[in-house]
Amino acid sequence: MYKQIFILALLIGAVISQPAGTLPGIQNGYLILSSTTDYNAEHSVFNSKLNRPVRAWCPATSVINNNGEWIMASSITPFDVYGIQIQGRYDYDQWVTSFQIQVSLDGFAWTTIGTYNSGLTDRNTVKYIDFGGARRVRNVLLKPVTWNPNGIAVRWEVNMKFV
């Protein structure tokens, strides 16, 4: 019985990992990345791609106060976003434990989708965060709220479909 439940959990996890038909917007270069600050060039938004085997995005205030740091994925054309995948830093024990997601169609009016627990407990596990359905956006903003004591670090992916 336990083996059956475990196998079912694995199958459900595989299905939930990314909605069918969605595209990895960051990995495919469909989305433009920006942030409030980068710790340095080696920890910039360009190192924030999921499963990238080098560092991650770390803001300038990574270990001390958050001060409203964020990382954003944007497009000049609207797209539907379904969720994100999140991961910690490749080469050091840093990851976000909770974060807020905000979205916008115009870059001025923002909607907070929610504050999420990442579920991360190590640097390399990938967690999928489902937004509960499609949302038409041009901007997806991730704002770290809490992180492990070593500091903020994010590698991520935006699961999207073009409209």
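## Leucine 33, a buried residue in strand E2

Leucine 33 has a relative accessibility of 15%, so it counts as buried, the cut-off being under 20%. Keep in mind as you look at it that this is a predicted model. Leucine 33 belongs to strand E2, which covers residues 32-35.

Who are the neighbours of leucine 33? Leaving aside residues up to four places away in sequence, leucine 33 touches Ile26, Val45, Ser48, Met72, Ala73 and Trp156. Two of these names are worth a second look. Valine 45 is twelve residues from leucine 33 along the chain, and the C-alpha atoms of the two are separated by 6.2 Å. Alanine 73, in E3, stands opposite leucine 33.

## The overall plan

Now step back to see the whole chain. The protein has one helix and seven strands. Reading from the N terminus, the order of the elements is α-β-β-β-β-β-β-β.

The protein has 163 residues, and 44% of them count as buried. About 8300 Å² of the protein is exposed, and carbon and sulfur atoms supply 58% of that area. Contacts also tell you how the chain comes together: among those between residues at least 6 apart in sequence, 75% join residues at least 24 apart.

## Strand E3 and its partners

Which strands pair with E3? Strand E2 is one of them: E2 and E3 run antiparallel and are joined by four bridges. E3 also runs antiparallel to E6, with eleven bridges between them. In this pairing, isoleucine 71 has leucine 142 in E6 as its bridge partner. Then there is strand E7 (residues 155-162), which pairs with E3 in the antiparallel sense over eight bridges. Here isoleucine 84 is matched with valine 158 in E7.

Is E3 enclosed or open to the outside? Of the 17 residues of E3, 14 are buried, so this strand is largely enclosed by the rest of the structure. As you trace a strand on the screen, it helps to know that in a regular strand the side chains alternate between the two faces of the sheet.

## The nonpolar core

The largest nonpolar core has 30 residues. Those with the most contacts inside this core are Ile84, Phe99, Ile101, Val140, Leu142, Trp156 and Val158. Which elements give two or more residues to the core? They are E3, strand E4 (96-104), E5, E6 and E7. You have already met some of the residues: isoleucine 84 and valine 158 are bridge partners, and Trp156 touches leucine 33.

Phenylalanine 99 is a good residue to click on. Beyond the residues up to four places away in sequence, phenylalanine 99 touches Ile84, Ile86, Gly114, Thr115, Tyr116, Ser118, Ile129, Leu142, Lys143, Pro144 and Val145.

## Aromatic rings

How many aromatic pairs are there? The count comes to three. One of them is formed by tyrosine 116 and phenylalanine 131, whose rings are tilted, with 5.8 Å from centre to centre and 35 degrees between the planes. Tyrosine 116 sits in strand E5 (residues 110-117) and phenylalanine 131 in strand E6 (residues 127-147), so their pair ties together parts that are 15 residues apart in sequence.

Are tyrosine 116 and phenylalanine 131 buried or exposed? Both are buried. The two also share one aromatic cluster with Phe99.

## Three residues in loops

Loops deserve a look too. Threonine 22 lies in the loop between helix H1 (2-16) and strand E1 (23-24). The relative accessible area of threonine 22 is 8%, so this residue is buried, which requires a value under 20%. Not counting residues up to four places away in sequence, threonine 22 touches Tyr82, Asn159, Met160 and Lys161.

The loop between E2 and strand E3 (71-87) holds asparagine 51, and arginine 55 is found in the loop between E2 and E3 as well. What is special about phi in these two residues? Asparagine 51 has a phi near 65 degrees, a positive value in a residue other than glycine. Arginine 55, also a residue other than glycine, has a positive phi near 40 degrees.

The accessibility of asparagine 51 is 48%, so it counts as partly exposed, a class that lies between 20% and 50%. Arginine 55 is partly exposed too, with a relative accessible area of 22%.

Technical notes: Residues numbered from 1 in each chain as written. Predicted model: local features only at pLDDT ≥ 70, side-chain atom pairs only at ≥ 80, totals over all residues. Heavy atoms only, no water. Buried < 20%, exposed > 50% of the residue type's maximum accessible area, 1.4 Å probe, protein only. Contact = heavy atoms within 4.5 Å. Phe/Tyr/Trp six-rings, centres within 6.5 Å; stacked < 30°, edge-to-face > 60°. Areas by Shrake-Rupley, 256 points an atom, 1.4 Å probe, with all protein chains shown as cover. Pairing = 2+ DSSP bridges. Core = buried A, V, L, I, M, F, W, Y, C linked by side-chain atoms within 4.5 Å.
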